[in-house]
Amino acid sequence: MDDRFNPNNSDVKIHSNDGIEFELHRTLLEACTGAFPGLESITAGHSKVIQLAEPGNILSVLFEFIYPREHPDLDDEGFEFVAALADSVMKYEVYSAMFTCNTRMRYAPLNLASQYG
């Protein structure tokens with residue numbers, strides 16, 4: 001379980017494809033995403049487990065953009081990680097992460113060129 005996303009009053013459990021469990025809040029997922037699967041079937045007072053196709057390291061960063069806290073800047077992440085994260089951001093429509101991912105993807109070719117150029 002990812003300790004950053006384990007609040008006592010969560011009502012949604014997310015499982016990554018590599019077995020990491022995240023305990024989140026439906027209201028934040030609904031407010032901060034446009035296409036998160038399974039939320040419509042959760043009723044008040046009942047928890048639900050949603051299985052996602054992404055690995056835990058991607059979901060962990062993705063969920064950091066959903067909660068009201070400082071968002072990661074992704075400066076230390078490699079191109080493949082940012083590309084995988086950007087795919088998930090678009091898939092689940094995590095609006096707060098779109099600008100950061102777009103910016104990192106735009107400058108990734110320049111960073112690669114400076115490393116190997």
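**L74 and its loop.** I began with L74, which sits in the loop between α2 and α3, and I note at the outset that the model I am reading is predicted. I looked up the backbone angle and found that phi of L74 is near 65°, a positive value in a residue other than glycine. For context I remind myself that most residues other than glycine have a negative phi. I then asked whether L74 is buried or exposed. L74 counts as buried because its relative accessibility is 4%, under the 20% cut-off.

**The acidic patch.** I next looked up D73, which lies in the loop between α2 (56-64) and α3 (79-92). D73 has a relative accessibility of 48% and therefore counts as partly exposed. Which residues make up the patch of negative charge on the surface? I found that E70, D73, D75, D76 and E77 gather there.

**E93.** I turned to another residue with positive phi, E93, where the angle is about 55° although the residue is not a glycine. E93 is placed in the loop between α3 and α4 (95-116), and at 29% relative accessibility I enter E93 as partly exposed.

**Salt bridges.** How many salt bridges does a search of the whole structure find? The search returns two, and I went through both pairs. As background I note that side chains of opposite charge can pair when their charged atoms come close.

I looked first at R26 and E30, which form a salt bridge whose closest N and O atoms are 2.8 Å apart. Both residues belong to helix α1 (residues 26-32), where they are four residues apart, about one turn of the helix. For E30 I recorded a relative accessible area of 40%, so E30 is partly exposed.

I then looked at E54 and K91, whose side chains meet in a salt bridge at 3.0 Å, N to O. This pair links distant parts of the chain, with E54 in the loop between β3 (48-51) and α2 and K91 in helix α3, 37 residues apart. I checked the exposure of each partner: E54 is buried, with a relative accessible area of 9%, whereas K91 counts as partly exposed at 44% relative accessibility.

**E21 and its contacts.** Where does E21 lie? I placed E21 in strand β2 (residues 21-24), and I noted that E21 counts as buried because its relative accessibility is 17%, under the 20% cut-off. I looked up its side-chain partner and found a polar contact of 2.9 Å that joins the side chains of E21 and H15. I also looked up the distance from E21 to Q51, two residues that are 30 apart along the chain, and their C-alpha atoms are separated by 9.4 Å.

**S10 and E23.** My last entry concerns S10, which I located in the segment before β1 (12-15). The relative accessible area of S10 is 18%, and S10 is therefore buried. I asked which side chain is joined to that of S10 by a polar contact. The partner is E23, and the contact between the two side chains is 3.2 Å.

Terms used. Residues numbered from 1 in each chain as written. Predicted model: local features only at pLDDT ≥ 70, side-chain atom pairs only at ≥ 80, totals over all residues. Heavy atoms only, no water. Patch = residues over 30% accessible without salt bridge, like charges linked within 9 Å, V, L, I, M, F, W, Y side chains within 5 Å. Areas by Shrake-Rupley, 256 points an atom, 1.4 Å probe, with all protein chains shown as cover. Salt bridge = Lys/Arg side-chain N within 4 Å of Asp/Glu carboxyl O. Lys, Arg positive; Asp, Glu negative; His and termini not counted. Charge placed at Lys NZ, Arg CZ, Asp CG, Glu CD. Helix = DSSP H or I, 4+ residues; strand = E, 2+ residues; numbered from the N terminus. Buried < 20%, exposed > 50% of the residue type's maximum accessible area, 1.4 Å probe, protein only. Polar contact = N/O pair within 3.5 Å; in protein donor to acceptor, adjacent residues only side chain to side chain.
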